[in-house]
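Biologist: I should like to learn how to read the features of a structural model. Could you guide me through some examples?

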Amino acid sequence: MSIDKFRERVNLRIFSSKSTAMGVMKVLSVLVSVLAFVTVLYHYGYPQTPERQQILLNIIKGCLGFYIVNYIMRFLYTFEPLQFLYETRVELVLVTILLIDGISFFILGIPIGKSIFNLIGLGNHTWLYVLMIQIFMIVIVVAEFARTATDAMHISISPPTMLIISFMFLIGFGTILLTMPEMTTDQLGATFQEALFTSISASCVTGLIVVDTATYFTLKGQIVIMLLIQMGGLNILSFAAFFTSFTSKGVGIRQQSMMQDFMAAASLYDTKGLMRQIVMFTLMIELIGAVSIYTLWDPNLHFASVWDKIFFSVFHSISAFNNAGF
């Protein structure tokens, strides 16, 4: 029996359960994404003990395991496996890396990621391995939220209303983050009024402040402000549509029409390329700005580390490009 015929028989046998199974997995995927996102936020937003960090890491690993199962199920239910693998090639790379890491843990007793760190002399830097796992988690969660956000565009809401809702969501989310203890130098978190004002100012790129950004907020808080500036300057819906354009579904006619109104594009055809061009052009200019600022700092200025100097350069580049004034 050929592989194609075997595949056809399997698809016909499981086809009746496809709708139910995919519906359940879609709901679970959203719930797991929320759990993973909250876990990462809690990890960085509140002081952690080694025991609590291990618990949070296990939760993230469990979420990653769910995404592997979800991807395999989607592959099994598709009638065109090769096309599915091509359209989800970014997810395929992530899932493959996670599978290799998981298999090496069960066979060798140590994840391959840690093994690589040991080989290059970074075995004592456990936080790098944890960070790597969290980055994988964030990439997958962002892709999942992007798909959910573009699905929400099917709702009959006018583009101006959707724009207002997206900014309200961004401002509210930023406010919650800035009230976390790890975001301020006094380890108490910003007050609600301070967090709300700063979040609105950063998201709407006005540059007004009620506390000194450099001394009141920690590095984590400054990163949150930087991301609010970036997402506010380009609009959160543009980011959602941009990330979704790399997924198997892509951006539909309804989403393209909405983005056309946002960007004042002449046609839907212009919208497809214009959206990516705007995001890529923005990132390119900000990168050039960051490199230029990095090389032009006064030699008399002393930074805590090279990474600190890089962050200050990136922060000021993003703030300047988006006209935020922070």
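Biologist: In this predicted model, is Phe 303 buried or exposed, or does it count as something in between?

Modeller: The class follows from the relative accessibility, and buried means a value under 20%. Phe 303 has 23% relative accessibility and therefore counts as partly exposed. Trp 297, at 21%, counts as partly exposed as well.

Biologist: How are Trp 297 and Phe 303 placed with respect to each other?

Modeller: A pair of aromatic rings is described by the distance of the centres and the angle of the planes. For Trp 297 and Phe 303, the centres are 5.3 Å apart and the planes stand at 65°, an edge-to-face pair. Both residues also belong to a cluster, linked by ring pairs, that includes Phe 311, Phe 312 and Phe 315.

Biologist: How many aromatic pairs are there?

Modeller: The count comes to 11 aromatic pairs. One of them joins Phe 37 and Phe 173, with ring centres 5.5 Å apart. Their planes meet at 20°, and planes under 30 degrees apart count as stacked, so this pair is stacked.

Biologist: Which parts of the chain does the pair of Phe 37 and Phe 173 tie together?

Modeller: Phe 37 lies in helix H2, whereas Phe 173 lies in helix H8 (residues 159–178), so the pair ties together parts that are 136 residues apart in sequence. Phe 37, at 25% relative accessibility, counts as partly exposed. The value for Phe 173 is 24%, and this residue too counts as partly exposed.

Biologist: How should I read the crossing of H2 and H3?

Modeller: One reads the angle between the axes, and angles over 145 degrees count as roughly antiparallel. The axes of H2 (residues 18–45) and H3 (residues 50–77) come within 10 Å and cross at roughly 155°. H2 is therefore roughly antiparallel to H3. Their crossing is left-handed, and the residues of the contact comprise 17 nonpolar, six polar and three charged.

Biologist: At what angle do the axes of H11 and H15 cross?

Modeller: The axes of H11 (residues 219–234) and H15 (residues 306–321) cross at roughly 30° and come within 9 Å. Angles under 35 degrees count as roughly parallel, and H11 and H15 are therefore roughly parallel to each other. H11 passes H15 in a left-handed crossing.

Biologist: Which residues of H11 and H15 meet?

Modeller: On the side of H11, the residues include Leu 219, Ile 223, Met 226 and Gln 230. Those in H15 include Phe 311, Val 314, Phe 315 and Ser 319. By class, this contact of H11 with H15 has nine nonpolar, three polar and no charged residues.

Terms used:
Residues numbered from 1 in each chain as written. Predicted model: local features only at pLDDT ≥ 70, side-chain atom pairs only at ≥ 80, totals over all residues. Heavy atoms only, no water. Axes fitted to C-alpha atoms, helices over the stretch in contact; angles between N-to-C directions. Helix = DSSP H or I, 4+ residues; strand = E, 2+ residues; numbered from the N terminus. Parallel < 35°, antiparallel > 145°, perpendicular 65-115°, else oblique. Left-handed = near helix turned anticlockwise from the far one by under 90°. Contact = heavy atoms within 4.5 Å. Nonpolar A, V, L, I, M, F, W, Y, C, P; charged D, E, K, R; others polar. Phe/Tyr/Trp six-rings, centres within 6.5 Å; stacked < 30°, edge-to-face > 60°. Buried < 20%, exposed > 50% of the residue type's maximum accessible area, 1.4 Å probe, protein only.
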